[in-house]
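This report goes through a two-chain model, with attention to confidence, domains and the contact between the chains. The structure is shown first.

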Amino acid sequence: MKRTGPVVFGFVIGMLMLIQHFTPDPWINDRYNDVLDWKQIVFGTTLILGVVSLVTHHGRKVARRGGGWAYSLLTLAGLAAMPAAALAFGSGRGPYLWMFDHVQAPMQATMFALLAFYVASASYRAFRARTLHAALLLTAGVVVMLGRVPLGELIGLDHVSAWILDFPNLAAKRGVMIGVGLGMTATSIKIITGIERTYLGKGA
Amino acid sequence: MTALGENPARPARGRRLRERLGDVDRRVIFLAVGLAVALPLIFPLRLPVAVSREARAYYDALEQLKPGDEILVSFDYEPETMAELDPMSLATLRHAFRKDLRVIALTNYPGAPGIAQRILGAAAAEAHKEYGVDYVFLGYNPDYSATMLRMGESIRQTFPTDHFGTPADSLPLLRQANSYADTELLVAISSTVMAEYWIIFAGGTFKEKVISANTAIQAVLIYPYFQTGQLSGFLGGLKGAAEYEKLIGREGDGLRGMDAQSMAHLLIVCFIVLGNIGFLLGRRERGREGPGRGPAQATGA
């Protein structure tokens, strides 16, 4: 039952979601909406699990005064402060919005902005024309990089860049998408019919 | 020992040049990148910006709508990509409000409501638009796929209240527009694959017309949908924002950032070329000295 139950449940829900595409029946449509509601409830529950896991991990670190425990304390303080401010003053105004605009947003933006420096350094050191393939990749990268800014447009690289994106890039991306789509369809059919059971865990 | 008539100083000088070209200190690179970004922002060059067909299609999709039409705008990005996507969001809302379109905004990311509120508030204040009548903000709902599919049935049931806790039934705009069928266009402003999901779920399942504003890296992945017509237009990166600002005739951070981005890209290309010259000189030198004699190439960042 421990194994059969989830497989049967997966089959019924999977078939329901499949059938609703082909029928306007109101009962089926209502069940389809029920599934979507439950999907959101399950997703919301995983967020709670995430918070519990984060609190447990950092709480233990603070309690044991492990390495970097002060950072863990700061994480927990931030985790408590944001919802507390939102519950007390609302999320549309007040301290919550102030902390978002003046603490969270600049910190996240700064972390991401640092990538520009690392990308410059990494591409200088790693982008080497060691082989013909590497040279082709390097040339395409340089052309697209310059073709996507006004400076490249001045020397006509925008057309070459557009050609690279429209044809070689598009062909490769489309091939990958078709492959992924077929793979997802095959895996979904295997899950619905109970052939693929690895999602049930070990021994399934 | 050198051959008769050969200058012994030449190989040493060549090696020094190769080593210099191939091993520039990372602090020099960081400083150069900082200057390449900062100086054009302080001293603008005003490089001309050409409009791509994707940006023109994005603009046309909004421009073709009639005053009073409802559109959905999804802010699917968090603060790390604000620099790239905020200019597109602001320009889109300015364009929409200028055309008297009515905006239903939402997000699929928990970190985005603050961004959406700020931009909606700024654009609405400029255009003197009224909350609830001309625009609403639904906020964040967990699970993007269920949200997108559920909105095809009923927006009010998917979001029983707006972001501020106001019941959806009490908002005039939501009483008139309750599903994709009641809206003319969906604008997905996205830093991830979320734009693709909007195309698949809202566009594919419910035949909603979709346009998207993406980060440059995401734009590369979105091209196939534009070619097939599943996506009616898109903006790619800060360049896309600049093109769109040019089309609506309102300069913003997109156009202002183009000089800095041009210089930064040029600098990175220069560094790549320098690195490769150093690498090729080194390879030639190693070829002369025989196998296994040259120093290993650094590959770390």
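The sections below take up confidence, then domains, then the interface.

## Model and confidence

The structure is a predicted model. Its overall scores are ipTM 0.86 and pTM 0.88.

Chain A has a mean pLDDT of 91, with 99% of its residues at 70 or more. Among the elements of chain A, the highest mean pLDDT, 94, belongs to helix 3 (residues 69-89) of chain A, and the lowest, 90, to helix 1 (residues 4-19) of chain A.

For chain B the mean pLDDT is 90, and 91% of its residues reach 70 or more. Two stretches of chain B have pLDDT under 50: residues 1-5 and residues 293-301. Residues 1-5 of chain B have one contact beyond four places in sequence in the model. Residues 293-301 of chain B have 16 contacts beyond near neighbours in sequence.

## Domains

The domain assignment splits chain A into domain 1 (1-89) and domain 2 (128-190). Taken over C-alpha atoms, the centres of domain 1 of chain A and domain 2 of chain A are 36 Å apart.

Chain B is likewise divided into two parts, and domain 1 of chain B is written as two segments, 17-45 + 272-298, while domain 2 of chain B covers 53-251. The centres of domain 1 of chain B and domain 2 of chain B, again over C-alpha atoms, lie 43 Å apart.

## Extent of the interface

How many residues does each chain bring to the contact? Chain B provides 68 residues and chain A provides 50 residues. The size of an interface is often stated as the accessible area that is lost when the parts come together. Between them, chain B and chain A bury about 5,500 Å², and 61% of this is on carbon and sulfur atoms.

## Polar contacts and contributing helices

Between chain B and chain A there are 25 residue pairs in polar contact, with both residues at pLDDT 80 or more. On the side of chain B that touches chain A, at least two residues each come from helix 1 (9-22), helix 2 (26-42), helix 5 (113-127), helix 6 (144-153), helix 10 (216-228) and helix 12 (253-289) of chain B. Which helix of chain B gives the most to this side? Helix 12 of chain B does, with 15 residues. Sorted by class, the side of chain B that touches chain A consists of 33 nonpolar, 21 polar and 14 charged residues.

## Salt bridges

Over all chains, a search of the whole structure finds 18 salt bridges. The count between chain B and chain A is five salt bridges.

One salt bridge joins the side chains of R53(B) and D166(A), at 2.8 Å from N to O. This pair crosses between chains: R53(B) is in helix 3 (residues 53-63) of chain B, and D166(A) is in helix 7 (residues 157-192) of chain A.

Notes
Residues are numbered from 1 along each chain as its sequence is written. Chains are lettered from A and ligands numbered from 1 in the order in which they are written. Side-chain values use heavy atoms; hydrogens and water are left out. Contact means heavy atoms within 4.5 Å. Buried area is the accessible area (1.4 Å probe) that two parts lose on being put together, summed over both. A salt bridge is a side-chain nitrogen of Lys or Arg within 4 Å of a carboxyl oxygen of Asp or Glu. A polar contact is a pair of N or O atoms within 3.5 Å; within protein, one must be able to donate a hydrogen and the other to accept it, and residues adjacent in sequence count only if both atoms are side-chain atoms. Helices (H or I, at least four residues) and strands (E, at least two) are DSSP runs, numbered from the N terminus. Ala, Val, Leu, Ile, Met, Phe, Trp, Tyr, Cys and Pro count as nonpolar, Asp, Glu, Lys and Arg as charged, and the others, Gly among them, as polar. Domain bounds come from an automatic or database domain assignment. pLDDT is the predictor's confidence in each residue, from 0 to 100.
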